[in-house]
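Open the structure in your viewer and switch to a cartoon view. Keep the selection panel at hand for the stops that follow.

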Amino acid sequence: MPNITLYRKDGSCSLAPHTLIRHLSIPFTEVRMAVDADGRYQPADGSLTSAQYRQTIHPAGYVPALVIHDASVTITELPAVLTYIASLAPERDLLGGSDAVRRAQVAEWLAWLSGTVHSLGFAAVWRPYRFADEGGAHDAIRAKGRAVVGGSFARIEERLGGREWAVGEAPTVVDFNLYVFRRWGEQVGGFEMARQFPSYDAVMRRLEGLDGVKKALEAEGLKPLFS
């Protein structure tokens, strides 16, 4: 196994690779991130300032970041991080296995979750300043983001109806990614997640029962969604 370090923040989107890497029992070093006085990420242990983190690890200053020390490479985008971690255990078929259709479906899910659900939905709700400098526009941006989130949850619910997992008959990286947004649905407010999206809940309950997910939640100090 390569020597890798995962930079992550409790409860953030980096929970997805964190749960995946523990699910696969892959050895790794983790660096927990905190927020500095300017609202920027830096290692909680003080090993780097937020400026040094941007200069040496992640140019945008976000998480996750996965450093592959053997290759002197850092991977920074969530779909890419998940893809790399899954590639370390090819026998688990977490990227769709040998079936070309399933592989394409996994890629489709990851692109949509990153480009629409995360970047246009939750980012607009929580970080409207990314879309407009004018503070007067932020309420409208938040409202639009909430609408995107709601529509996305409805689409997820439809796609997961009657399924045990998002793609194929076993978990893939998609399910680990979906779990983050299911947790965020509780934080956004305005959605009755269990009542409105029971199929989504059924898949996520199944995922949360995996040992690696339990370990990641414990490490991040997060309560399980399901008893």
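**Stop 1: the largest pocket.** This is a predicted model. Start with the largest pocket, which holds about 810 Å³ of space. Its lining is made of 32 residues. Select Y41, Y62, V63, R127 and R130 to land in the middle: these lie nearest the pocket's centre. Now colour the helices α2 (50–56), α3 (78–87), α4 (100–126) and α6 (173–188), the elements that each give two or more residues to the lining. Which of them gives the largest share? Pick α4, with 6 residues. Then colour the lining by residue type. You should find 14 nonpolar, 11 polar and 7 charged residues.

**Stop 2: the annotated domain.** Select residues 1–93. The UniProt record, an unreviewed entry, labels this span "domain: GST N-terminal". In the model, 28% of the span is helix and 24% is strand. Its two end C-alpha atoms lie 17 Å apart.

**Stop 3: the sheet.** Show strands only. Five of them build an open sheet of mixed pairing, ordered β3-β2-β1-β4-β5. Go to the edges, where β3 (41–43) and β5 stand. Each has a single partner strand, so one side of each has no neighbour in the sheet. Turn the view along the strands: neighbours are rotated by 25° against each other on average, direction ignored.

Strands of a sheet pair through backbone hydrogen bonds, parallel or antiparallel. Both kinds are on show here. Select β1 (residues 4–8) and β2 (residues 29–35). They run parallel and are joined by 4 bridges. For a landmark, find T5, which stands opposite T29 in β2. Now look to the other partner of β1. How do β1 and β4 run, parallel or antiparallel? They are antiparallel, again with 4 bridges. Here Y7 has A65 as its bridge partner.

**Stop 4: strand β4.** Stay on residues 65–68. Is β4 covered or open on its faces? Both faces are covered: A65 and V67 are buried on one side, L66 and I68 on the other. Next, step across to β5 (residues 73–75). It is antiparallel to β4, with 3 bridges between the two. L66 faces I75 across this pair. The hairpin they form has 4 residues between the strands. Click S72 in that hairpin: its phi is positive, near 55°.

**Stop 5: the cis bond.** Move to the loop between α2 and β4, where P64 lies. What kind of peptide bond joins V63 and P64? It is cis, with omega about 0°. V63 is also one of the residues nearest the centre of the largest pocket.

**Stop 6: two more positive phi angles.** Most residues other than glycine have a negative phi, and most peptide bonds are trans. Select S25, in the loop between α1 (15–23) and β2. Its phi is near 55°, a positive value in a non-glycine residue. Show the surface here. S25 has 61% relative accessibility, so it counts as exposed, the cut-off being over 50%.

Finish at D93, in the loop between α3 and α4. D93 also closes the annotated span 1–93. Its phi is positive, about 55°, although D93 is not a glycine. With 42% relative accessibility, D93 counts as partly exposed.

Conventions: Residues numbered from 1 in each chain as written. Predicted model: local features only at pLDDT ≥ 70, side-chain atom pairs only at ≥ 80, totals over all residues. Heavy atoms only, no water. UniProt positions renumbered as here; feature names shortened; annotations may be inferred. Buried < 20%, exposed > 50% of the residue type's maximum accessible area, 1.4 Å probe, protein only. Pairing = 2+ DSSP bridges. 1 Å grid on protein atoms, 1.4 Å probe; cavity = no way out; pocket = protein on both sides within 12 Å on 5 of 7 lines; lining within 4 Å. Points joined across faces, edges and corners; volume = space filled by probe spheres on them. Nonpolar A, V, L, I, M, F, W, Y, C, P; charged D, E, K, R; others polar. Axes fitted to C-alpha atoms, helices over the stretch in contact; angles between N-to-C directions.
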